[in-house]
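The following exercises concern a strand pairing and a ligand site. Each task is followed by a worked solution.

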Amino acid sequence: MGLWYDETFDDHTRFGLRVKETLFCAQSPYQKVEVIETVGFGRVLVIDNVFMTSEYDEFLYHEMITHPALTTAPKIDRVLVIGGGDGGTVREVLRHPDVKECVMIEIDQMVVDASKEFLPGIGTAWGDPRLDVRFIDGIEYVKKSNDDKYDVILLDGTDPVGPGAVLFDESFYRGCKRMLVPGGVVALQSESPLLMMDVFVETQHKLRGLFSEVHPYMGPVPLYGTGTWSWTWCSDTGEPLRPFPERQEEIVEGSKAYNAELHQAAFALPNYVKRALKL
Ligand code: SPD
């Protein structure tokens, strides 16, 4: 049978990958960081025993956390990414030629160092001169930052357990809103409605209390339990379904998943989600 690595969700569900070898395993001041080589999903980043991203399906996640926001925000000169230490989200951000500056805030330098060494195919934009990576606590940054405001903020955190849990706090979302230009867009990973409906619904309620436009959207990410994933688009003005066609044209050719039709389709919610959100 060989060696398997399982992510366990509760006492009756787990998802397992057959492992060829462990490439990296260390405890940082914040969490356990691993990179494993698997048979089916290629190299996989694992944090505190939770699968974060894989060479096999990372594009499904990183393109969808990025492009719905980047194609709809009125301006995309300045983009802030909180989390995303594997480099996949900033890679997608920096494919947009209109982006002038992308600041990435990652608390754990070990995640970036391990990703640079073992997942070079995911983080292909580390050398982009528009990228400014800072190893600081995203919560503190949002609380205290005097930086100019951002046109788009992307929250690419872990699940709401461990050091990433605070990225789901209402006060953190409030801080993000303070750092947005008027009409700016926040997009965040908002968990699986199928596996973690309570977290998903609670997150939507927190966001609805802060932004006038809160629109969850969905897509497949096979690495994450149930394979059903969600992100959420938030703004005080603007519409998620009215992207700038020229911005889409600039990136569709180089995207493995994202295109204009998928953008529209992702915002169509299944009944079980609409009912849970009373839509
Ligand atoms: N269940 C795992 C959720 C992880 C979401 N963030 C992934 C980071 C990829 N850049």
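**Exercise 1.** Determine how β1 and β2 are connected.

Solution. Step 1: β1 and β2 form a hairpin, with 2 residues between them; strands here are DSSP runs of E with at least two residues, numbered from the N terminus. Step 2: β1 covers residues 3-10 and β2 residues 13-27, and the two pair in the antiparallel sense over 7 bridges; pairing requires that DSSP finds at least two bridges between the strands. Step 3: Glu7 has Phe15 in β2 as its bridge partner.

The model is predicted, so that local features need pLDDT of at least 70 and side-chain atom pairs pLDDT 80 or more, while totals for chains, interfaces and linings use all residues. Residues are numbered from 1 along each chain as its sequence is written, and side-chain values use heavy atoms, without hydrogens and water.

**Exercise 2.** Identify the side chains in polar contact with nitrogen atoms of the ligand (pairs of N or O atoms within 3.5 Å).

Solution. Step 1: for Asp86, a side-chain N or O atom is 2.6 Å from a ligand nitrogen. Step 2: for Asp159, the corresponding distance is 2.9 Å. Step 3: a polar side-chain atom of Tyr61 lies 3.2 Å from a nitrogen atom of the ligand.

**Exercise 3.** Describe the origin of the shell around the ligand.

Solution. Step 1: the residues surrounding the ligand (a heavy atom within 4 Å) include Val50, Phe51, Met52, Tyr61, His62 and Trp229. Step 2: β5 contributes the largest share, 3 residues.

How values were computed: Helices (H or I, at least four residues) and strands (E, at least two) are DSSP runs, numbered from the N terminus. A polar contact is a pair of N or O atoms within 3.5 Å; within protein, one must be able to donate a hydrogen and the other to accept it, and residues adjacent in sequence count only if both atoms are side-chain atoms.
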